[in-house]
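Good morning, and thank you for making room for this on the agenda. I would like to walk you through one structure that is probably new to most of you, so please have a look at it before I begin.

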Amino acid sequence: MATAILLFAVSCSDETTVFENPEDSIGLENDNNVLVNSIMYDNSGVLEILEEDSITGKSSKSANDEAGDYPLTLVAQIDPPSFSGGENLTATDVFIDGDYAYVSYNTAGLDYKGGLDIVNISDPNNPYLTARAYSYDKDLNAVYYKNGYVYIVGGTDEEQSVLATANSVIIRVAANGGRLNTSDLTYVYQDGFNATDVEVNDNGIFVSSGKDGYIIQYDINSLDIVNEAPFADLRSLSIHNNKIAVLDASVGVRVLNSDLSEASQIAINSDFREGDKRTLAFDDDTIIVSEGSKGAGIYNANTGNLIEYVPILINPEGVDQSDIVTNAVAKNEDVLLMANGGAGLCLSEDQGNNTDLVGIIELSGSTNFVASKGDYVFAASGKSGLQIIKLNRPSDSLEASCADIPIYSGSRNLNVNEGENVAFRGSKRFNSVNISGELLLCGSWTVSNDTNINDNASFSMNGTYVVGRNNKRKDIKVNENSVFRVEGNLTIYGDLVLNEGATIEFLGSDSVVNIFGEVKKAATAEVIGTFDDVRNKF
C-alpha cells in the first residue's frame, strides 16, 4: 500500500484530507478478453419509436402511417463490470469527450462497490473498451474528464475504511488515450452522505454531496478547497457560463454565483425520494430538471418561472408505480431525452415555444440514466447494461449536397413502381423499401424489414442506410440485372443477396459496409468499387 500523504485546507467545514492511492481499493482489468466480450451486439440494429399517438390514442401524422423521424440505431450494449462481491453494478453517469466515453457504476443498497469503463467510440461500427477499473469499497456516482485526468465522485463507509475521513469521496486518476494510470491517483474526502456529482472547468473542480453535505470548489492542481457552501441534500449540479445550478432535494433548484453564494431559487414541489439519483441540465437560458413522477420541468434560468412540464408518456402494465419516474434528462440540440425508469427512454423535440413529445425508444430494461453528445446517446438500463445509440444525423456537407432534392414525406412502406424515377432527402424510419423503378435516397434512413431491389431496378443511397436488427435479421436483395449504388455507410443486420446479373457499386473511396449476416453472390453478380468491409464478408 502506498504511503498516505495528508494535505489540509482551511475551510468552514471539517478539514479535508487528501490521500495518495491506497492501491488495494481499486483494481484494473488486465484480461483483454473481458474487455472485448463486454461489448455485446445481440440487440443491435434499427430502433423503433413507440409514438405518442399510438400510446395515447391521439390522432397525428403517424396515424396516416407516415415514415417516422429519428432513424435511430442501437450500436451496442456494454455488460456492466462484475467482480466478487460486486456482481450487481449499474451505470450511474456517462461523460463524453472526443473519441471516448467515461462510464461510472455503483451498487444499489448498502454495499459500496463500483466500477469505471472507458469506451472508444471513434468508430461507430466498433466501439470497444480501452480500460475497466473495479472499486472494491466505494460507490462511483458521477464522472468527468478534463486535461488528462478522470474525476469520479461517490461514497464509501467511513467506519469501515482505514483512511476515509468522511463518506463522500473524490477520485482523480490520470488517463491518456483511453488508458488509466493508477500510479497517478489521488483520493479526497469531503462531508456529506455521498458525493453525487462533479464538473470541472478552468476555475476548479466542483463537487456536490448529499444529506448534510456541501458544494465545494477545489483547486484543479492542488485539490485545496477554494470555496464551499453547505446544503441539506444535493443530488446534482450543472454549470453554464458563470451560473452554477444545484438540485437540492429539500427545496428545488438553487442558482449560485461563481463564489457559491445563492443568487436565486426555483422552488419545486416534487418527491425526490431519499437516495434517488436526479439530474438537472442547463440549456442556454433554461434549466431542465428531473422531477420523479412528475416528469421533467423546464424553467427560465433567469426568472425561475416554470415554462412547461414534459410528462412521462407511458404507464406500462406490470411495472411498479415507484419505478415510473424521471431520473435523468439530457439535451442534444433540439432533442430532449428523459430516462423514465420502467417507462423507458422518452424522446421529445424542442419546437421553440414548446416541447413536442415524439415517443418511447424501443430499448430493453428500465432506463435510469441518459447522456447525449454529438451523434450519440448513452442510456443506462439496469441489467441490460449501458446501451449506445446513434442518432444518425446527416452531416452538414451531406445536407448541402442534397439540398436540391425534395424532402421525403410519405408512407413507412416505400414503394417505387416500374417506370418511376424518384429522389428524396431527409432522415426517416421505414418499415420496408420495395423498388421496381429508380430511387435515390440522400440522408439517413433505417428500415425495420427487408429492402427489395427488383429485376432491372436501380437504388442509389448517399449517406447512412441501416436494415434490420441482430435479433430480427432482415436482408437487402438485389435481384436480376438490378443495380445498388452505395456512397456512405451501409449496415445490414442480415444478408446481402446478389442474384444473377446484379451489381453493387461503391462510389468514391470512403464507403463503409457493415454486414452481420452473409454476402450471397451469384456467379454473374458484380461487386465494383473501393470500400471498407468492416466484418470481411466480401
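I will go through the cavity, then the aromatic rings, then the pairing of some strands, and finally a few single residues.

A word of care at the start: what you see is a predicted model, and the values I quote were computed from it.

Let me begin with the inside. How many cavities of 30 Å³ or more does a search of the whole structure find? The search finds one, and the space in this largest cavity comes to about 70 Å³. Three elements each give two or more residues to its lining, namely strand 10 (128-135), strand 13 (168-176) and strand 14 (179-190). Of the elements, strand 10 gives the most, with three residues. If you want to find the place on your screens, the lining residues include S25, I26, L116, A133, Y134 and S135, and also among them are I152, I171, V173 and Y187. Sorted by class, the lining holds 10 nonpolar and two polar residues, and no charged ones.

Now to the aromatic rings. A pair of aromatic rings is described by the distance between the centres and the angle between the planes. Searching the whole structure gives 16 aromatic pairs, and I have picked out two of them. In the pair of Y41 and F516 the ring centres are 6.1 Å apart and the planes stand at 50°, so this pair is classed as tilted. Where do the two residues of this pair lie? Y41 is in the loop between strand 3 (39-40) and strand 4 (45-46), while F516 is in the loop between strand 44 (511-515) and strand 45 (519-521), so the pair ties together parts that are 475 residues apart in sequence. Are these two residues buried or exposed? Y41 has a relative accessibility of 19%, and because the limit for buried is under 20%, Y41 counts as buried. F516, at 12%, counts as buried too.

The other pair I picked is F459 with Y465, which is edge-to-face, with 5.2 Å from centre to centre and 65° between the planes. Both F459 and Y465 are buried. There is also a cluster, in which ring pairs link Y408, F424, F430 and W445.

Staying with rings for a moment, there are charges placed over some of them. The charged end of R535 sits over the ring of Y41, at 5.3 Å from its centre, so that is the Y41 we have just met in the tilted pair with F516. Elsewhere, R172 lies over the face of Y149, 4.8 Å from the ring centre.

Let me turn to the strands, and here I would follow the pairings one after another. Strand 37 (residues 438-447) runs parallel to strand 39, and 10 bridges join them; one of the bridge partners is N462 in strand 39, which goes with C442. Strand 39 (residues 458-467) is mostly covered, in that nine of its 10 residues are buried. From strand 39 the pairing goes on to strand 41, again parallel and again with 10 bridges, and there V466 stands opposite T491 of strand 41. Strand 41 (residues 483-492) is in turn joined by four bridges to strand 43 (residues 503-506), the two running parallel, with I504 in strand 43 as the bridge partner of F484. Finally, strand 43 pairs in the parallel sense with strand 46 (residues 526-528) over three bridges, where V527 is the bridge partner of I504.

I will close with a few single residues. D284 is not a glycine, and yet it has a positive phi of about 55°. D284 belongs to the loop between strand 23 (280-283) and strand 24 (286-290), and with 54% relative accessibility it counts as exposed. N481, also not a glycine, has a positive phi of about 60°. This residue lies in the loop between strand 40 (476-478) and strand 41, and at 42% relative accessibility N481 counts as partly exposed. I39, by contrast, is found in strand 3 and counts as buried at 9% relative accessibility.

Definitions and conventions. Residues numbered from 1 in each chain as written. Predicted model: local features only at pLDDT ≥ 70, side-chain atom pairs only at ≥ 80, totals over all residues. Heavy atoms only, no water. 1 Å grid on protein atoms, 1.4 Å probe; cavity = no way out; pocket = protein on both sides within 12 Å on 5 of 7 lines; lining within 4 Å. Points joined across faces, edges and corners; volume = space filled by probe spheres on them. Nonpolar A, V, L, I, M, F, W, Y, C, P; charged D, E, K, R; others polar. Phe/Tyr/Trp six-rings, centres within 6.5 Å; stacked < 30°, edge-to-face > 60°. Buried < 20%, exposed > 50% of the residue type's maximum accessible area, 1.4 Å probe, protein only. Lys NZ or Arg CZ within 6 Å of the ring centre and 35° of its normal. Pairing = 2+ DSSP bridges.
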